[in-house]
Amino acid sequence: MCAHVLVAEDDAMQAELIRRSLLAEGHTATVVHDGPAALDAARRLGPDLVVLDLMLPVIDGYGVCRVLRRDSDVPVLMLTARSAEDDVLLGLELGADDYMTKPYSPRELMARIRTVLRRGGRGPDRREDPVVRAAGLAVDPVRHEVRLDGEPVDCTPAEFQILLAMTAEPERVFSRRQLLECTRGADRASTERAVDVHIMNLRRKIEPDPRRPVRLLTVFGVGYKLSGGRG
(Lines give C-alpha, C1' and ligand atoms only; values in the text may rest on other atoms or scores of the structure.)
Protein backbone atom coordinates (compact mmCIF):
# COMPACT_ATOMS: atom_id res chain seq x y z
CA MET A 1 0.00 0.00 0.00
CA CYS A 2 1.29 3.45 -0.87
CA ALA A 3 -0.72 6.57 -0.14
CA HIS A 4 -0.13 10.30 0.02
CA VAL A 5 -0.95 11.43 3.55
CA LEU A 6 -1.43 15.05 4.60
CA VAL A 7 -0.33 15.54 8.20
CA ALA A 8 -1.76 18.65 9.88
CA GLU A 9 -0.05 18.85 13.28
CA ASP A 10 1.14 22.00 15.07
CA ASP A 11 3.69 20.15 17.20
CA ALA A 12 6.79 19.93 15.00
CA MET A 13 8.25 16.93 16.84
CA GLN A 14 4.99 14.98 16.65
CA ALA A 15 4.62 15.88 12.98
CA GLU A 16 8.13 14.67 12.19
CA LEU A 17 7.53 11.41 14.07
CA ILE A 18 4.40 10.79 12.00
CA ARG A 19 6.17 11.72 8.77
CA ARG A 20 9.03 9.30 9.41
CA SER A 21 6.60 6.52 10.34
CA LEU A 22 4.67 7.08 7.11
CA LEU A 23 7.84 7.02 5.00
CA ALA A 24 8.90 3.78 6.71
CA GLU A 25 5.53 2.31 5.66
CA GLY A 26 6.15 3.27 2.03
CA HIS A 27 3.79 6.26 2.00
CA THR A 28 4.54 9.84 1.02
CA ALA A 29 3.70 12.66 3.41
CA THR A 30 3.11 16.40 3.35
CA VAL A 31 3.31 18.19 6.70
CA VAL A 32 1.60 21.47 7.59
CA HIS A 33 1.22 23.21 10.94
CA ASP A 34 -1.98 25.28 10.86
CA GLY A 35 -5.55 25.12 9.61
CA PRO A 36 -5.32 27.36 6.53
CA ALA A 37 -2.21 25.50 5.32
CA ALA A 38 -4.06 22.19 5.79
CA LEU A 39 -6.99 23.34 3.68
CA ASP A 40 -4.70 24.75 0.99
CA ALA A 41 -2.64 21.54 0.81
CA ALA A 42 -5.77 19.38 0.71
CA ARG A 43 -7.11 21.36 -2.26
CA ARG A 44 -3.79 21.40 -4.14
CA LEU A 45 -2.55 17.88 -3.50
CA GLY A 46 -5.68 15.72 -3.23
CA PRO A 47 -4.26 13.46 -0.50
CA ASP A 48 -5.49 9.94 0.17
CA LEU A 49 -5.82 10.63 3.90
CA VAL A 50 -5.62 13.60 6.26
CA VAL A 51 -4.14 13.07 9.73
CA LEU A 52 -5.64 16.08 11.48
CA ASP A 53 -4.65 17.46 14.88
CA LEU A 54 -7.57 19.04 16.69
CA MET A 55 -5.64 21.91 18.27
CA LEU A 56 -4.37 23.61 15.12
CA PRO A 57 -3.78 27.36 15.19
CA VAL A 58 -5.86 29.87 13.18
CA ILE A 59 -8.49 27.28 12.17
CA ASP A 60 -8.79 24.32 14.53
CA GLY A 61 -9.23 20.70 13.47
CA TYR A 62 -13.00 20.89 13.80
CA GLY A 63 -13.13 23.81 11.37
CA VAL A 64 -10.76 22.11 8.94
CA CYS A 65 -12.79 18.89 9.05
CA ARG A 66 -16.01 20.81 8.45
CA VAL A 67 -14.59 22.39 5.27
CA LEU A 68 -13.02 19.14 4.08
CA ARG A 69 -16.33 17.34 4.42
CA ARG A 70 -18.08 20.06 2.47
CA ASP A 71 -15.57 19.91 -0.39
CA SER A 72 -14.38 16.28 -0.59
CA ASP A 73 -14.66 12.72 0.67
CA VAL A 74 -11.02 12.39 1.74
CA PRO A 75 -10.71 10.18 4.86
CA VAL A 76 -9.84 12.07 8.04
CA LEU A 77 -8.13 10.64 11.12
CA MET A 78 -8.31 13.12 14.01
CA LEU A 79 -5.61 13.41 16.68
CA THR A 80 -6.14 15.22 19.96
CA ALA A 81 -5.17 15.42 23.60
CA ARG A 82 -8.85 15.73 24.42
CA SER A 83 -10.47 12.47 25.44
CA ALA A 84 -13.87 13.70 26.65
CA GLU A 85 -16.75 11.84 25.02
CA ASP A 86 -18.34 15.06 23.72
CA ASP A 87 -15.10 15.98 21.89
CA VAL A 88 -14.88 12.55 20.30
CA LEU A 89 -18.52 12.59 19.25
CA LEU A 90 -18.24 16.09 17.78
CA GLY A 91 -15.27 15.02 15.67
CA LEU A 92 -17.12 11.97 14.39
CA GLU A 93 -20.29 13.96 13.73
CA LEU A 94 -18.29 16.39 11.61
CA GLY A 95 -17.21 13.47 9.45
CA ALA A 96 -13.91 12.23 10.90
CA ASP A 97 -13.38 8.58 9.96
CA ASP A 98 -11.42 7.76 13.10
CA TYR A 99 -10.23 9.48 16.27
CA MET A 100 -7.06 8.90 18.34
CA THR A 101 -6.21 10.54 21.64
CA LYS A 102 -2.69 11.49 22.64
CA PRO A 103 -0.36 9.97 23.67
CA TYR A 104 -0.39 7.15 21.14
CA SER A 105 2.20 4.77 19.77
CA PRO A 106 3.42 5.21 16.18
CA ARG A 107 2.63 1.54 15.53
CA GLU A 108 -0.97 2.00 16.61
CA LEU A 109 -1.29 5.12 14.46
CA MET A 110 0.07 3.31 11.39
CA ALA A 111 -2.36 0.43 12.01
CA ARG A 112 -5.25 2.89 12.21
CA ILE A 113 -4.09 4.58 9.01
CA ARG A 114 -4.00 1.25 7.18
CA THR A 115 -7.53 0.49 8.38
CA VAL A 116 -8.92 3.89 7.33
CA LEU A 117 -7.28 3.65 3.91
CA ARG A 118 -8.71 0.18 3.28
CA ARG A 119 -12.14 1.19 4.55
CA GLY A 120 -12.18 4.27 2.32
CA GLY A 121 -11.02 2.38 -0.77
CA ARG A 122 -7.83 4.45 -0.84
CA GLY A 123 -5.34 1.62 -0.71
CA PRO A 124 -3.55 -0.15 -3.54
CA ASP A 125 -6.69 -0.68 -5.61
CA ARG A 126 -7.25 3.05 -5.88
CA ARG A 127 -3.64 4.14 -6.25
CA GLU A 128 -2.12 1.59 -8.55
CA ASP A 129 0.68 3.98 -9.46
CA PRO A 130 2.48 5.29 -6.35
CA VAL A 131 5.07 7.16 -8.42
CA VAL A 132 5.44 10.88 -7.69
CA ARG A 133 6.15 12.97 -10.78
CA ALA A 134 7.38 16.52 -11.32
CA ALA A 135 9.91 18.40 -13.48
CA GLY A 136 10.52 15.37 -15.69
CA LEU A 137 11.33 13.23 -12.64
CA ALA A 138 9.49 10.08 -11.60
CA VAL A 139 10.23 8.96 -8.03
CA ASP A 140 8.91 5.55 -6.99
CA PRO A 141 8.82 5.17 -3.17
CA VAL A 142 7.93 1.46 -3.39
CA ARG A 143 10.69 0.34 -5.78
CA HIS A 144 13.02 3.07 -4.53
CA GLU A 145 13.75 4.18 -8.09
CA VAL A 146 14.25 7.55 -9.76
CA ARG A 147 13.86 8.22 -13.46
CA LEU A 148 14.51 11.39 -15.42
CA ASP A 149 12.64 11.56 -18.71
CA GLY A 150 12.36 7.78 -18.55
CA GLU A 151 16.05 7.14 -17.88
CA PRO A 152 17.19 5.70 -14.52
CA VAL A 153 19.02 7.97 -12.09
CA ASP A 154 21.34 6.38 -9.55
CA CYS A 155 20.78 8.07 -6.17
CA THR A 156 22.12 7.53 -2.69
CA PRO A 157 19.50 6.90 0.03
CA ALA A 158 19.77 10.50 1.25
CA GLU A 159 19.48 11.91 -2.28
CA PHE A 160 16.44 9.72 -2.88
CA GLN A 161 14.67 11.02 0.22
CA ILE A 162 15.38 14.63 -0.78
CA LEU A 163 14.04 14.08 -4.30
CA LEU A 164 10.98 12.24 -2.98
CA ALA A 165 10.07 15.14 -0.69
CA MET A 166 10.69 17.82 -3.32
CA THR A 167 8.94 15.97 -6.14
CA ALA A 168 5.87 15.51 -3.96
CA GLU A 169 5.67 19.30 -3.57
CA PRO A 170 7.13 21.02 -6.64
CA GLU A 171 7.74 24.76 -6.28
CA ARG A 172 7.71 24.52 -2.48
CA VAL A 173 10.81 26.08 -0.94
CA PHE A 174 12.51 23.71 1.52
CA SER A 175 14.96 25.01 4.08
CA ARG A 176 18.18 23.10 4.67
CA ARG A 177 16.82 22.02 8.03
CA GLN A 178 13.69 20.56 6.41
CA LEU A 179 15.73 18.68 3.81
CA LEU A 180 18.05 17.45 6.54
CA GLU A 181 15.06 15.96 8.35
CA CYS A 182 14.12 14.13 5.13
CA THR A 183 17.49 12.36 5.18
CA ARG A 184 17.58 11.34 8.85
CA GLY A 185 16.64 7.74 8.27
CA ALA A 186 19.06 7.42 5.36
CA ASP A 187 22.02 9.44 6.60
CA ARG A 188 22.14 9.86 10.38
CA ALA A 189 25.51 11.62 10.28
CA SER A 190 24.28 14.31 7.91
CA THR A 191 24.40 18.03 8.70
CA GLU A 192 22.82 21.09 7.14
CA ARG A 193 26.04 21.70 5.21
CA ALA A 194 25.79 18.12 3.91
CA VAL A 195 22.43 19.05 2.36
CA ASP A 196 24.31 21.45 0.06
CA VAL A 197 26.54 18.56 -1.02
CA HIS A 198 23.52 16.34 -1.70
CA ILE A 199 21.96 19.09 -3.83
CA MET A 200 25.24 19.61 -5.71
CA ASN A 201 25.47 15.89 -6.44
CA LEU A 202 21.83 15.72 -7.51
CA ARG A 203 22.38 18.61 -9.91
CA ARG A 204 25.17 16.63 -11.56
CA LYS A 205 22.69 13.81 -12.10
CA ILE A 206 19.51 15.62 -13.20
CA GLU A 207 20.54 18.99 -14.62
CA PRO A 208 21.56 19.58 -18.27
CA ASP A 209 24.17 22.00 -16.94
CA PRO A 210 24.79 21.68 -13.17
CA ARG A 211 26.32 25.18 -13.10
CA ARG A 212 23.07 26.66 -14.43
CA PRO A 213 20.34 24.55 -12.81
CA VAL A 214 16.80 24.69 -14.15
CA ARG A 215 15.25 22.06 -11.86
CA LEU A 216 16.89 22.20 -8.43
CA LEU A 217 16.96 25.92 -7.77
CA THR A 218 18.54 27.85 -4.93
CA VAL A 219 16.29 30.31 -3.12
CA PHE A 220 18.87 32.59 -1.55
CA GLY A 221 18.60 32.99 2.19
CA VAL A 222 15.97 30.23 2.44
CA GLY A 223 16.91 26.93 0.81
CA TYR A 224 16.02 25.01 -2.34
CA LYS A 225 13.02 24.15 -4.50
CA LEU A 226 12.22 21.81 -7.38
CA SER A 227 10.93 23.82 -10.31
CA GLY A 228 9.00 22.48 -13.26
CA GLY A 229 5.56 21.54 -11.96
CA ARG A 230 3.86 18.18 -11.83
CA GLY A 231 3.97 15.62 -14.61
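## Exercises on a predicted model

The axes of helix 2 (residues 35–45) and helix 3 (residues 61–71) cross at roughly 20° and come within 10 Å. The model is a predicted one.

**Exercise 1.** Classify the packing of helix 2 against helix 3, and list the residues that make the contact.

*Solution.*
- Step 1. Take the crossing angle, roughly 20°. Angles under 35 degrees count as roughly parallel. Helix 2 and helix 3 are therefore roughly parallel to each other.
- Step 2. Add the handedness: helix 2 passes helix 3 in a right-handed crossing.
- Step 3. List the residues. Helix 2 brings G35, A38, L39, A42 and R43, and helix 3 brings V64, V67, L68 and D71.
- Step 4. Sort them by class. This contact has 6 nonpolar, 1 polar and 2 charged residues.

**Exercise 2.** Find how helix 1 is set against helix 5, and which residues meet there.

*Solution.*
- Step 1. The axes of helix 1 and helix 5 come within 10 Å and cross at roughly 60°. That angle makes helix 1 oblique to helix 5.
- Step 2. The crossing of helix 1 past helix 5 is right-handed.
- Step 3. From helix 1 come L17, I18, S21 and L22; they meet P106, L109, M110 and I113 of helix 5.
- Step 4. By class, there are 7 nonpolar residues, 1 polar residue and no charged residues in this contact.

**Exercise 3.** Do the same for helix 6 and helix 8 (residues 192–206).

*Solution.*
- Step 1. The two axes lie 10 Å apart, and helix 6 packs on helix 8 at about 80°. The range for roughly perpendicular is 65 to 115 degrees. Helix 6 is therefore roughly perpendicular to helix 8.
- Step 2. On the helix 6 side, the contact is made by A158, E159, I162, L163 and M166. On the helix 8 side, H198, I199, N201, L202, K205 and I206 take part.
- Step 3. The class count for helix 6 with helix 8 is 7 nonpolar, 2 polar and 2 charged.

**Exercise 4.** Describe the largest pocket: its volume, its lining and the elements behind that lining.

*Solution.*
- Step 1. The volume of the largest pocket is about 390 Å³.
- Step 2. The lining has 21 residues, of which E16, R19, V31, R172 and Q178 are the closest to the pocket centre.
- Step 3. Two or more lining residues come from each of helix 1 (12–24), strand 2 (28–32), helix 6 (157–168) and helix 7 (176–182). Helix 1 gives the largest share, 5 residues.
- Step 4. By class, the lining splits into 10 nonpolar, 5 polar and 6 charged residues.

**Exercise 5.** Place E181 and find its contacts beyond four places in sequence.

*Solution.*
- Step 1. E181 belongs to helix 7.
- Step 2. Set aside the neighbours within four places in sequence. E181 is then in contact with E16, R19 and R20.
- Step 3. Check one spacing. E181 and V195 are 14 residues apart in sequence, and their C-alpha atoms are 10.0 Å apart in space.

**Exercise 6.** Locate the cis peptide bond from K102 to P103, and the positive phi of A135.

*Solution.*
- Step 1. Recall the background. Most peptide bonds are trans, and most residues other than glycine have a negative phi.
- Step 2. Look at K102 to P103. This peptide bond is cis, with omega near -5°. P103 sits in the loop between strand 5 (98–101) and helix 5 (106–119).
- Step 3. Turn to A135. Its phi is near 55°, a positive value in a residue other than glycine. A135 is in the loop between strand 6 (132–134) and strand 7 (137–140).

Terms used. Residues numbered from 1 in each chain as written. Predicted model: local features only at pLDDT ≥ 70, side-chain atom pairs only at ≥ 80, totals over all residues. Heavy atoms only, no water. 1 Å grid on protein atoms, 1.4 Å probe; cavity = no way out; pocket = protein on both sides within 12 Å on 5 of 7 lines; lining within 4 Å. Points joined across faces, edges and corners; volume = space filled by probe spheres on them. Nonpolar A, V, L, I, M, F, W, Y, C, P; charged D, E, K, R; others polar. Axes fitted to C-alpha atoms, helices over the stretch in contact; angles between N-to-C directions. Parallel < 35°, antiparallel > 145°, perpendicular 65-115°, else oblique. Left-handed = near helix turned anticlockwise from the far one by under 90°. Contact = heavy atoms within 4.5 Å.
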